[in-house]
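Here's a walk through one structure, from a strand in the middle of things out to the chains, the cysteines and the empty spaces. Have the 3D view open as you read.

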Amino acid sequence: MGDSNSQRSTVLASIRMSLGAPSSPAGIEAEYAAIERSYKCKGTLSEDALLDLFEDRLLEYDAGVYRCSASRIADAVEGILRKRRKSGLAIPAGLSREWLPEGFGFTDATGLDAYELDKTEGLLSSCTVAIAETGSLVLQNADGQGARILSLVPDYHLCVVTASQVVETVPEAFERLAKTSDLPTTFISGPSATADIEMTRIKGVHGPRFLDVLLVIA
Amino acid sequence: MREVQVSEVPVQHTRWNTHDFPDAAKVLLEDSQTRKNVQHATNVIQGKRNKVTAELPDWEDLREAGAQVKAHTLRHLDYYLTKFEENCTRAGGHVHWASDADEANRIILGLVRSHGAKEVIKIKTMTSEEIGLNATLEANGVWPVETDLAELIIQLGKDRPSHFVVPALHKNKEQIREIFQREMNLPDLGDQPIDLATAARTYLREKYMRIKVAISGGNFLIADTGGMCIVESEGNGRMCLTLPDVLISVVGIEKVIPSFRDLDILLQTLPRSATGERMNPYNSTWTGVHPGDGPKEFHVVLLDNGRSPILADKEARQTLQCIRCAACLNACPVYHQTGGHAYESVYAGPIGAILTPQLHSMGEGRSLPYASSLCGACYEVCPVKINIPEVLIHLRGKIVREDQATLAGKFSLWNIGMQAAAFLFKDAGRLSMAEHLGQIGQKALVSKNGFIEWMPGMLSGWTQTRDLKAMPEQSFRDWWAKERAPQDKEDAHG
Amino acid sequence: MRVSLFITCYNDALFPETGKSVVHVLERLGHTIEFPPEQTCCGQMHWNTGYLREAVPIIRHFVKVYQDAEAVVIPSSSCVSMMRDHYVKAAEMDGDAKLVADVEALLPRIFEFSEFLVRKLGVEDVGASYPHKVTYHASCHSMRSLHLGDIPIRLLKNVRGLDLQPIQNIQECCGFGGTFSIKNADVSSAMLADKVRSVLNTGAEICTAVDNSCLMHLYGSLHRQRTFVKTAHLAEILASGHVGAHL
């Protein structure tokens, strides 16, 4: 422990020697606040155009995209599950039971380890925010989304996104995330990929190979 | 078992050899397979990068903001690092400080041993290459399993990375297949990229589930939350960040950013610059330890290893703004020809040419700042606006001054030549006389077709592949003096 | 206008025809050319190679020679970029406040030749004719430092009889880089080989540019390989086809 303190002192002393006279925290915060941010923060698209853009980006990633109204979520989920030939999915704690159609097995995924999750047919979850410009889903450790392992190990992910959760730009997404920025967070933009072999994009190295998004329009 | 000290492990950390760049380059220029692979890969990424940056009307604003955030952070680096430490610790993480590579290795080895681990899983991190972590672990009976496909290729092929985003870019699929067939014992392995990726997926999946200690680097340390951000494509990062019990992250001190919010710039500029995507497949952020989600124990090793002295050099400090996107490598016409191994360092290309020598306080890699024609393509694409050509010239200035302080340097041909040229350039009369001498003196070298095809000594570098047209018999100034100046005089008097 | 010509050290000794062409074109447009005989060099070779202190007196000399010029025209984008990108820094490094002030006063009056024609004089057609197949090589400094954009192309498009062929990979450096061509001769030659291939693929008889440094490099290989493709500075093309012009 004494050793590690001395390393800490050594590094900080070296930094301070290089930088010279330090500024006050108030001065530093003021300098930070003065940083010029003229990049585009707010989106400009209408809601229809926004959702169309989001859908286009998802389709580019070969994700499946479906739309339904708020009262027909369970029906839509049923249709997707039949298409994917699934008999059930794992679900996080806090997911709305109204979303679950009859006749399918939904397992509570809380506390399942990697081996158990590996045996499930996939995950059904919601998200915190979605970014249209980049086709991204942002999940956090919260109700309806669960721990990070849930959207990682199963080979299939069905994510329910309500229209009000979709923003246009990355800065807008960060505004939505500001209050929960300390939670474990995952930005998902398409299935996993690598281009390490001759720059050929190969999908599904680790992480779900199949992704479906159900867009709920009010 | 006696602990093997890192200094006994025969590997140079940041630099793995000591050839001058021209010599290393010469060997690689002969390797047409590597050159072909490098050019294909960099052209593909550059094409994608140009497309996705052109579609953003605020791309230049993003670059400017990113540069300002980074420059501001470096000006107050101690403040932000201690803020990060405070917040990370409050969230249940452990923060360690390492002044150099040996110290970092010692800390990491100690942590791995305290958990009795014989294997660890690793996410791609150039920082661990920089400190020679794998060799240290192996020498001490711990096997590091690389989970990034490219790093796996490098590890199984007993090779070194040549690019920090696509480390195995110098290999084609046939070469990779050969490595996997041999090392994974898959004699019937197909040669399509999908076959190779599937082989890697199967090989690694078992390891993720079983191995309890993971080692990573870090793209960003977030001061206001005490959190960290990892940017990746394959999902092996997510595996290593969530499945094991223990996570150890070794991160350069320059990676800290003031606020979670600043990712709204950097998560736009980094993916577009690094892989030419609007967003890379997976980004993970977290703070410390979160019950029921991810490792129960989280350690960050803050690595200095030559970075803090760079802060003192106001001109060169911008070197530390780098977010490791490798866009400069993809844009560099020199890198296109030689690939990364010519730089003999973990950090290759334009950023490597300025970072590597500085990490060694200019004691190593002194030929690297000259490995550039100063074309400026790197500066044009850098998402945080590092003026690499400016830093290259600045470092050349340091090298020249240091050399001039030695006898060998003072009396070197280069220095004598440059001093003589400077003497001539200060006075037009002297310069004119030198031109006349040249016009006469070149006659011995000019062939009858009016060209010089051979020049002696270091100038032979030119004539090996290029002719040089002989100096015209009359310079412009002589022509003007003869044909025009008398006229001017007349006009003046007339 | 009274235009002060800065010929540049290498044009003076190696490419006097470029200078004569600049004089011819500007006089034809009605301007008066001055040629201060005390001029020497812009200091770029020393500065870029790391001989920073040695470059300062050369810079000081340049500033002194051109202090009172109405406009300084230079047929070399690399020299202009040296002035715009580094002169202030060099003066600051030397701690010479007066030199800094003199440089800042002079910089707005310094022009590369093609940008002088188009941006300052507003001229895109100088009445030239040059019936040859030509390709344009964009030097790095002209693109990334001076941001000339398509100025040279616009000038070339107005030359009568000129068949302009676009070059592929225009953004890639030719490999000259001053002393780089000597210090890293092998890499320089490899870069040159790619650029020569791009030139030859256009089928042009002549390769032009606003910098003789690049052209000297290109021609060195074009000639060595006996391709019989020639190079000519943009000024020489713009001076062609008039009475009294020469190539």
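Start with strand S9 of chain A, residues 185-188, which is covered on both faces. Thr185(A) and Phe187(A) sit on one side, Thr186(A) and Ile188(A) on the other, and all of them are buried. In general, side chains in a regular strand alternate between the two faces of the sheet. Keep in mind that this is a predicted model.

Who are the pairing partners of S9(A)? Within chain A there is strand S6 (residues 136-140), which pairs with S9(A) in the antiparallel sense over four bridges. Leu139(A) is the residue that stands opposite Thr186(A) there. Across the chain boundary, strand S9 of chain B (residues 282-287) also pairs with S9(A), again antiparallel and over four bridges. On that side, Thr186(A) has Ser284(B) as its bridge partner, while Thr185(A) stands opposite Thr285(B).

Zoom out and you get an open sheet of eight strands with mixed pairing, running S8(A)-S5(A)-S6(A)-S9(A)-S9(B)-S6(B)-S5(B)-S8(B). Which strands stand at the edges? Those are S8 of chain A (166-167) and S8 of chain B (256-257); each has a single partner strand, so one side of each is left without a neighbour in the sheet.

As for the chains, two pairs touch, and the pair with the most contacts is A and B. Chains A and C make no contact, and their closest C-alpha atoms are 20 Å apart.

Now the cysteines. How many disulfides does the structure hold over all chains? Zero. A disulfide is a covalent bond between the sulfur atoms of two cysteines, and the cut-off used for the pair of sulfurs is 2.5 Å. Take Cys41(A): its closest cysteine sulfur is in Cys229(B), 18 Å away, so that is too far for a bond. Cys41(A) is partly exposed, at 22% relative accessible area. Cys240(B) also has Cys229(B) as the place of its closest cysteine sulfur, and at 16 Å that is too far for a bond as well. Unlike a partly exposed residue, Cys240(B) counts as buried, with 0% relative accessibility.

On to the empty space. Rolling a probe the size of a water molecule over the atoms shows where such space is left. Searching the whole structure turns up five cavities of 30 Å³ or more. The top two by volume look like this:

| Cavity | Volume | Lining make-up |
|---|---|---|
| Largest | about 130 Å³ | 13 nonpolar, four polar, no charged |
| Second largest | about 80 Å³ | twelve nonpolar, no polar, one charged |

What lines the largest cavity? There are 17 residues, and those closest to its centre are Cys332(B), Pro350(B), Ser372(B), Ser373(B) and Cys378(B). The elements giving two or more residues to this lining are four helices of chain B: H15 (333-338), H16 (349-359), H17 (377-381) and H18 (388-404). H16(B) supplies the largest share, three residues.

The second largest cavity has a volume of about 80 Å³. Of the 13 residues lining this second cavity, Cys322(B), Cys325(B), Cys328(B), Cys382(B) and Ile386(B) are the closest to its centre. One residue of that lining is charged and none is polar, with the other twelve counted as nonpolar.

How values were computed: Residues are numbered from 1 along each chain as its sequence is written. Chains are lettered from A and ligands numbered from 1 in the order in which they are written. This is a predicted model: local features need pLDDT of at least 70, side-chain atom pairs count only at pLDDT 80 or more; totals for chains, interfaces and linings use all residues. Side-chain values use heavy atoms; hydrogens and water are left out. Buried means under 20% relative accessible area, exposed over 50%, partly exposed in between (1.4 Å probe, protein chains only). On a 1 Å grid over the protein atoms alone, a cavity is a set of points where a 1.4 Å probe fits but cannot get out, and a pocket is an open set with protein on both sides within 12 Å along at least five of seven lines; lining residues have an atom within 4 Å of a point. Grid points are joined across faces, edges and corners, and a volume is the space filled by probe spheres set on the points. Ala, Val, Leu, Ile, Met, Phe, Trp, Tyr, Cys and Pro count as nonpolar, Asp, Glu, Lys and Arg as charged, and the others, Gly among them, as polar. Contact means heavy atoms within 4.5 Å. Two strands pair if DSSP finds at least two bridges between them.
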